[in-house]
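Student: Hey, can we go through this protein together? I'm new to reading structures, so keep it simple.

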Amino acid sequence: MGTSAAPPKSTEDYNFLKFDILGVGSITLPALIINAQARMEGQWDEFSEIGRADPKVLLGKFSKTVDLDFLVVATGHGGTTVEKTLEQLELLSKVTTPNYNVASNAGYQGVFIKWAFGGLYRNQFFYVNSLGYTWDNEGITWHNVESGSTALPVISKVNMTLQYVGRMIPSVQTRFFG
């Protein structure tokens with residue numbers, strides 16, 4: 001279930017995932033990407049027309065999601081302390097909750113992130129549809145904080161589903177990557 005991989009020795013051994021949270025700031029995580037999967041789903045609806053035996057087929061809904069599994073590793077190198085990394089994971093968790101705008105009485109709105117993933121997605125807008133963390137007690141190293149008996153995980157496994165927020169109506173001319 002977990003991983004018994006040792007943390008990388010230097011910051012050159014892993015990537016930094018960066019998420020820009022609109023209106024909040026940015027999150028930078030030292031990460032080892034395990035798996036990335038993109039799904040495009042079109043829902044087609046049939047409508048009957050008077051006097052015709054064959055139905056009309058219309059696009060009812062379209063969605064594009066990205067599933068991302070990665071390990072966040074706090075090595076102590078390059079400022080990636082365990083405490084700082086967990087603060088970044090805490091901030092990432094908050095992206096799953098709505099932003100209430102009480103002052104303008106506008107209710108709540110979703111929190112969008114801008115994210116780049118190599119050449120596949122370059123600063124595209126997404127919202128976090130689901131987010132999960134796994135800490136395997138047997139497979140990871142725990143960091144003991146000197147000022148008490150609290151133990152913090154050095155390696156956190158993150159499962160995240162990002163929902164794409166399109167800038168255009170989906171069509172055969174739409175670019176899905178890049």
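Student: Okay, which side chain meets aspartate 54 in a salt bridge?

Tutor: That's arginine 52, at 2.9 Å from N to O. A salt bridge here is a side-chain nitrogen of Lys or Arg within 4 Å of a carboxyl oxygen of Asp or Glu. Before we go on: this is a predicted model, where local features need pLDDT of at least 70, side-chain atom pairs count only at pLDDT 80 or more, and totals for chains, interfaces and linings use all residues. Residues are numbered from 1 along each chain as its sequence is written, and side-chain values use heavy atoms, with hydrogens and water left out.

Student: Got it. Are those two buried or exposed?

Tutor: In between. Aspartate 54 is partly exposed at 41% relative accessible area, and arginine 52 is partly exposed at 46%. Buried means under 20% relative accessible area and exposed means over 50%, with partly exposed in between (1.4 Å probe, protein chains only).

Student: Which residues get joined into a network by salt bridges?

Tutor: Arg39, Glu41 and Asp67, through salt bridges that share partners. In the bridge between glutamate 41 and arginine 39, the closest N and O atoms are 3.4 Å apart. Glutamate 41 is partly exposed at 43%, and arginine 39 is partly exposed too, at 29%.

Student: And how many salt bridges does the count come to?

Tutor: Four, by that rule. Another one of them links the side chains of glutamate 49 and lysine 56, 2.9 Å from N to O.

Student: Switching topic: what's the overall secondary structure?

Tutor: One helix and ten strands. Helices (H or I, at least four residues) and strands (E, at least two) are DSSP runs, numbered from the N terminus. Going along from that end, the order is β-β-β-α-β-β-β-β-β-β-β.

Student: How much of the protein is buried?

Tutor: Buried residues are 28% of the 178 in the protein. One of them is glutamine 163, at 10% relative accessibility.

Student: Where does glutamine 163 lie?

Tutor: In strand S10, which covers residues 155–164. Leaving aside neighbours within four places in sequence, glutamine 163 is in contact (heavy atoms within 4.5 Å) with Ser63, Lys64, Thr65, Phe125, Phe126, Tyr127 and Asn129.

Student: What about serine 130, which strand is that in?

Tutor: Strand S7, residues 121–134. Serine 130 is partly exposed, at 36%. Skipping neighbours within four places in sequence, serine 130 touches Asn159, Met160 and Thr161.

Student: And how far apart are serine 130 and valine 95?

Tutor: They're 35 residues apart in sequence and 9.9 Å apart in space, C-alpha to C-alpha. For the protein in general, among contacts between residues at least 6 apart in sequence, 65% join residues at least 24 apart.

Student: Last thing: what volume does the second largest pocket have?

Tutor: About 190 Å³. On a 1 Å grid over the protein atoms alone, a pocket is an open set of points where a 1.4 Å probe fits, with protein on both sides within 12 Å along at least five of seven lines, and lining residues have an atom within 4 Å of a point.

Student: Which residues lie nearest its centre?

Tutor: Of the 14 residues lining the second largest pocket, Ile21, Leu22, Val24, Asn99 and Val111 lie nearest its centre.

Conventions:
Grid points are joined across faces, edges and corners, and a volume is the space filled by probe spheres set on the points.
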